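Got the coordinates loaded? Here are a few exercises to work through, each with a solution you can check step by step.

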Amino acid sequence: MMKSQYSTLTIILMVQAISISILVVFGIISRRCECKTVQFIFGDSLSDVGNNRYLTKSLANADLPWYGIDFGDGLPNGRFTNGRTVADIIGDATGLPRPPAFLDPSLTEEVILENGVNYASGGGGILNETGSYFIQRLCFTKQIELFQGTQELIRNKIGKQAADEFFEGARYVVALGSNDFINNYLMPVYTDSWKYNDQSFINYLMDTLQAQLKLLHRLGARQVMVFGLGPMGCIPLQRELSSTSGDCQNKTNQLALSFNQAASKLMDDLSISLANATFKFGDTYDVVNDVITNPDNYGFSNSESPCCSFGDEIKPALTCIPASKLCKDRSKYVFWDEYHPSDSANQIIANELLNKFRNFLSINGSSAAPSPAPAMAPSPDNTASSTQSPT
């Protein structure tokens with residue numbers, strides 16, 4: 001009798017153990033990630049899609065007309081241009097969703113899993129001290145900290161294993177550096193302007209960027225594209241500050257070239273030294289310089305002045321505001337305001353990157369092809385109409 005009871009108990013325990021094992025197995029399977037490929041974007045005003053709108057004390061803001069006039073409903077949306085950013089265009093061409101701003105109150109775990117996140121912030125830089133006179137902005141280090149918080153949210157939502165797969169399968173864009181020069185090193189109010197010379201400042205930037213990218217890799221970033229700098233000395237603000245001639249500032253352009261050379265080498269080194277990682281450097285300096293030098297070849301009529309400005313009345317106008325005047329045809333201007341390219345110029349920059357990195361940018365075997373800009377909506381009554389606009 002006793003033996004029969006023990007046998008029965010043994011069978012029950014074995015059944016329970018098998019049941020638990022099955023539950024565990026199926027639990028693990030159910031927690032595996034069947035997630036979409038999304039983007040996580042880190043950057044400055046060239047990639048900001050609205051984070052600075054929620055930094056109430058920031059002086060770097062694109063929340064007034066006429067920013068966004070050629071995007072969606074034509075209202076300001078946080079982008080520092082009239083239409084799309086370069087990251088918008090590349091994402092559209094590769095089938096990736098446009099990630100919302102991290103600080104958008106509507107951001108949820110479900111939204112992150114479907115669309116990714118954009119942490120870019122106008123005025124932000126590689127260095128923590130860059131852009132401090134804007135009062136509020138998110139530097140790269142802070143953006144990575146916010147990304148770590150995002151990871152914790154997703155782990156709590158879908159589990160560690162699934163979250164790791166999600167983040168390792170995502171695409172990462174890093175587009176910073178111009179503010180570290182224009183709103184730091186080249187301004188005497190910052191200590192970096194007299195603490196370093198040109199080469200030692202480039203070295204400082206590369207050391208900092210290397211540590212930041214290695215941290216991103218430890219956090220799961222495996223496919224990373226780092227955007228290079230364009231001819232910064234040719235943006236309208238730099239032309240105005242240079243001299244009465246309005247020429248490009250050669251020193252600023254040389255700094256951009258030096259940065260690009262050092263950053264390109266860094267990406268190659270990281271691709272070799274970090275496991276299962278690919279770092280690409282998106283250099284568009286030459287094509288942007290050619291657009292500025294030969295605008296007619298690309299369908300532009302003006303590559304020196306901003307489309308949105310005070311004209312000759314007040315120079316330089318540091319931003320585009322409702323009292324500004326708009327150019328007659330926004331598709332013909334390389335620059336939207338004193339700092340930032342127009343949608344049409346962003347299209348050319350994005351196309352250059354798509355052509356250079358077609359295989360790297362393809363998603364699930366799909367082809368990465370340049371996307372044409374949609375037709376433009378009518379302009380407001382106080383501006384002339386244009387022929388091309390994004391959505």
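Cys-234 and Cys-248 make a disulfide, with 2.1 Å between their sulfur atoms. Keep in mind that this is a predicted model. That pair is a good place to start.

**Exercise 1. Find the handedness of the link between Cys-234 and Cys-248, then say where its two ends sit and whether each is buried or partly exposed.**

Step 1: take the torsion. The angle about the S-S bond is 115 degrees, and the link of Cys-234 and Cys-248 is right-handed.

Step 2: place the ends. The pair links distant parts of the chain, 14 residues apart: Cys-234 is in the loop between β4 (223-227) and α9 (236-242), while Cys-248 is in the loop between α9 and α10 (250-273).

Step 3: check accessibility. Buried means under 20% relative accessible area. Cys-234 has 2%, so Cys-234 is buried. Cys-248 has 29%, so Cys-248 counts as partly exposed.

**Exercise 2. How many disulfides does the structure hold? Work out the details of the pairs Cys-307/Cys-327 and Cys-308/Cys-320.**

Step 1: count. There are three disulfides in the structure.

Step 2: go through Cys-307 and Cys-327. Their S to S distance is 2.1 Å. The torsion about the S-S bond is -80 degrees, and this link of Cys-307 and Cys-327 is left-handed. Cys-307 lies in the loop between β6 (302-306) and β7 (308-309) and Cys-327 in the loop between β8 (325-326) and β9 (333-335), so the link ties together parts that are 20 residues apart in sequence. Both Cys-307 and Cys-327 are buried.

Step 3: do it again for Cys-308 and Cys-320. Here the sulfur atoms are 1.8 Å apart. With 75 degrees about the S-S bond, the link of Cys-308 and Cys-320 is right-handed. Cys-308 lies in strand β7 and Cys-320 in the loop between β7 and β8, so parts twelve residues apart in sequence get tied together. Both Cys-308 and Cys-320 are buried.

**Exercise 3. Lay out the open sheet of five strands: what is the strand order, and which strands stand at the edges?**

Step 1: write down the order. The open sheet runs β2-β1-β3-β4-β5, with parallel pairing.

Step 2: pick out the edges. β2 (116-118) and β5 each have a single partner strand, so one side of each is left without a neighbour in the sheet.

Step 3: get the twist. Ignoring direction, neighbouring strands of this sheet are turned by 15 degrees against each other on average.

Step 4: zoom in on one pairing. Strand β1 (residues 39-43) is joined to β2 by three bridges, and the two run parallel. Within that pairing, Ile-41 has Asn-118 in β2 as its bridge partner.

**Exercise 4. Describe the surroundings of Phe-279 and Gln-151, and decide for each: buried or exposed?**

Step 1: locate Phe-279. This residue lies in strand β5 (residues 278-282). Its relative accessible area is 3%, so Phe-279 is buried.

Step 2: list the contacts. Leaving aside neighbours within four places in sequence, Phe-279 is in contact with Leu-213, Val-224, Met-267, Leu-270, Ser-271 and Leu-274. For a distance check, Leu-266 is 13 residues from Phe-279 in sequence, and their C-alpha atoms are 8.9 Å apart.

Step 3: turn to Gln-151. You'll find Gln-151 in helix α4 (residues 140-158). With a relative accessible area of 2%, Gln-151 is buried. Not counting residues up to four places away in sequence, Gln-151 touches Phe-167 and Leu-219.

Terms used. Residues are numbered from 1 along each chain as its sequence is written. This is a predicted model: local features need pLDDT of at least 70, side-chain atom pairs count only at pLDDT 80 or more; totals for chains, interfaces and linings use all residues. Side-chain values use heavy atoms; hydrogens and water are left out. Helices (H or I, at least four residues) and strands (E, at least two) are DSSP runs, numbered from the N terminus. Buried means under 20% relative accessible area, exposed over 50%, partly exposed in between (1.4 Å probe, protein chains only). Contact means heavy atoms within 4.5 Å. A disulfide is a pair of cysteine sulfur atoms within 2.5 Å. Two strands pair if DSSP finds at least two bridges between them. Axes are lines fitted to C-alpha atoms, for helices over the stretch in contact, and angles run from 0 to 180 degrees between N-to-C directions.
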